[in-house]
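Morning, everyone. I have one structure to show you today. Let's put it up.

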Protein chains: 2
Amino acid sequence: MKHRVKAVIAYDGTNYSGWQVQQNSKTLQEVIEKGLTKMHEGRKVTIFASGRTDAGVHANGQTIHFDTDYYVPPERWPITSAGLFPPDIQIVSAEYVEPSFHARYDALGKEYRYRVLATRTRDVFRRHYTYFYPKPVQVEKMREALPFIEGTHNFASFCSTGTSVTSTVRTIYEARIEAHGDELHFVFKGNGFLYNMVRILVGTFLLVGTGSMKPEDMQAVLEAEDRKKAGRTAPGHGLYLERVVYEEGPF
Amino acid sequence: MKHRVKAVIAYDGTNYSGWQVQQNSKTLQEVIEKGLTKMHEGRKVTIFASGRTDAGVHANGQTIHFDTDYYVPPERWPITSAGLFPPDIQIVSAEYVEPSFHARYDALGKEYRYRVLATRTRDVFRRHYTYFYPKPVQVEKMREALPFIEGTHNFASFCSTGTSVTSTVRTIYEARIEAHGDELHFVFKGNGFLYNMVRILVGTFLLVGTGSMKPEDMQAVLEAEDRKKAGRTAPGHGLYLERVVYEEGPF
């Protein structure tokens with residue numbers, strides 16, 4: 001009998017070229033499927049994720065589903081995963097769900113975190129886990145710009161070209177900036193995110209932080225619906241997919 | 001004119017086979033010397049460290065000295081180092097010292113930290129930075145064992161064989177265990193440490209934590225002066241050389 005597993009997974013994206021990419025490079029999907037297939041004595045297991053992540057991007061709460069003919073008690077999946085995957089990938093929690101559940105199509109929202117190391121000197125231990133940004137930034141100015149992007153907008157200015165989506169309208173439920181010691185964390189919760197959207201948002205907020213842009217200019221950038229009006233795409237290694245929401249209710 | 005630089009350096013030891021080892025593997029000394037030699041247009045710069053660190057061991061405060069015929073303002077050395085070394089090595093601070101200063105021979109004490117991840121499941125982001133130890137441990141039992149190793153003792157039981165030191169007597173000024181969220185940190189301050197001493201101490205304290213050894217057994221292990229009586233050598237990747245002390249006075 002087949003069981004459908006919904007699993008929350010964490011990974012350090014440093015050594016991967018992303019979730020699913022071209023050949024000749026190691027991808028997360030491929031390595032996870034290989035581990036699960038090994039567990040199933042070679043019977044191919046296909047996994048479905050809430051969405052892709054790019055090269056170097058991390059996850060604390062990526063969510064996947066797959067079918068298995070084994071029954072592993074839910075609380076044992078994290079331990080089981082330790083034997084299946086390399087140490088930079090793990091199952092955080094798992095549960096059995098209805099066979100109709102789909103990690104991608106049933107996702108109602110996502111939360112991303114972007115970590116900026118706001119110091120003058122690098123930190124050898126966080127080089128893969130934060131975006132080192134040595135220029136002084138004014139956090140209050142960036143916070144003034146946050147309300148402009150909250151709500152439902154056409155985020156075409158914050159979407160990398162080369163993607164074919166039917167609509168570039170998305171809703172951001174909450175955007176905030178947290179100070180954690182010498183780091184600034186940008187947190188975004190929304191019903192969905194366009195390709196590179198979080199990274200371009202961060203790149204644009206940093207322009208506000210350094211004074212190259214005024215907080216209220218964020219409105220004009222949004223309205224332009226033009227990628228060229230926004231800031232640079234911040235690097236992937238500062239980004240974390242924190243969680244995927246499937247239930248209705250408070251985020 | 002030659003200037004002698006005393007530099008405090010930090011490194012992520014993950015990708016190195018140690019400070020100075022055999023050929024055919026990347027070592028910290030070699031990579032640092034290569035960077036400094038490049039800065040000096042090919043004139044070989046030799047560095048001297050307070051001591052070696054093993055494969056995978058990290059440092060927040062390793063200390064080195066070297067001579068240079070350039071004058072870089074002390075506060076500029078960290079920035080300069082960013083261009084000389086790969087991103088897993090950096091100069092934290094630097095100062096110019098008397099030409100008689102020696103990073104190794106003038107060291108009066110060292111502080112090490114050992115990070116244990118005391119959780120049931122691994123953490124993908126800390127796999128290179130903590131020793132994952134899923135067995136439950138009783139911290140209070142381990143703390144009861146700390147006083148036995150403080151003070152001046154023959155630490156032969158806590159020294160890996162194959163080293164030729166004239167004396168295995170060392171003084172530990174302070175040994176403590178700190179709880180940091182889901183991590184336990186063992187902190188040792190002493191006038192010097194034998195080969196693998198901190199890692200064997202941690203391996204032995206963990207035996208006390210799991211109940212395989214009583215706190216007061218630590219006394220007998222010390223007195224045996226026999227490596228086989230102590231616990232396992234904990235892995236290198238949990239260990240950090242925190243600082244090297246050169247001045248007399250409170251540690």
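Before the symmetry, a definition: copies are superposed by least squares on the C-alpha atoms of residues with pLDDT of at least 70 in both. And keep in mind that this is a predicted model.

Now the two chains. Any two copies of a chain are related by a rotation about an axis and a shift along it. Here, chain A lands on chain B after a rotation of 180°, with 0.0 Å of shift along the axis. The RMSD is 0.0 Å. That is the relation of a two-fold axis.

Which surface does each copy use? Of the interface residues of chain A, 100% are also interface residues in chain B, so the copies meet through the same surface.

Next, inside chain A. There are two domains: domain 1 covers 3-97, and domain 2 covers 109-245. Their centres, taken over C-alpha atoms, are 27 Å apart.

How do the domains of chain A meet? On the domain 1 side, 15 residues are in contact with 14 residues of domain 2. Together the two domains of chain A bury about 1,100 Å², and 50% of that is on carbon and sulfur atoms.

Now the polar side of that interface. Between domain 1 and domain 2 of chain A, 12 residue pairs are in polar contact, both residues at pLDDT 80 or more. Look at what domain 1 of chain A presents to domain 2: three nonpolar residues, 10 polar and two charged.

How many salt bridges link these two domains of chain A? The count is one. As for salt bridges in the model, A:Arg199 forms one with A:Asp54. Their closest N and O atoms are 3.3 Å apart.

Definitions and conventions
Residues are numbered from 1 along each chain as its sequence is written. Chains are lettered from A and ligands numbered from 1 in the order in which they are written. This is a predicted model: local features need pLDDT of at least 70, side-chain atom pairs count only at pLDDT 80 or more; totals for chains, interfaces and linings use all residues. Side-chain values use heavy atoms; hydrogens and water are left out. Domain bounds come from an automatic or database domain assignment. Contact means heavy atoms within 4.5 Å. Buried area is the accessible area (1.4 Å probe) that two parts lose on being put together, summed over both. A salt bridge is a side-chain nitrogen of Lys or Arg within 4 Å of a carboxyl oxygen of Asp or Glu. A polar contact is a pair of N or O atoms within 3.5 Å; within protein, one must be able to donate a hydrogen and the other to accept it, and residues adjacent in sequence count only if both atoms are side-chain atoms. Ala, Val, Leu, Ile, Met, Phe, Trp, Tyr, Cys and Pro count as nonpolar, Asp, Glu, Lys and Arg as charged, and the others, Gly among them, as polar.
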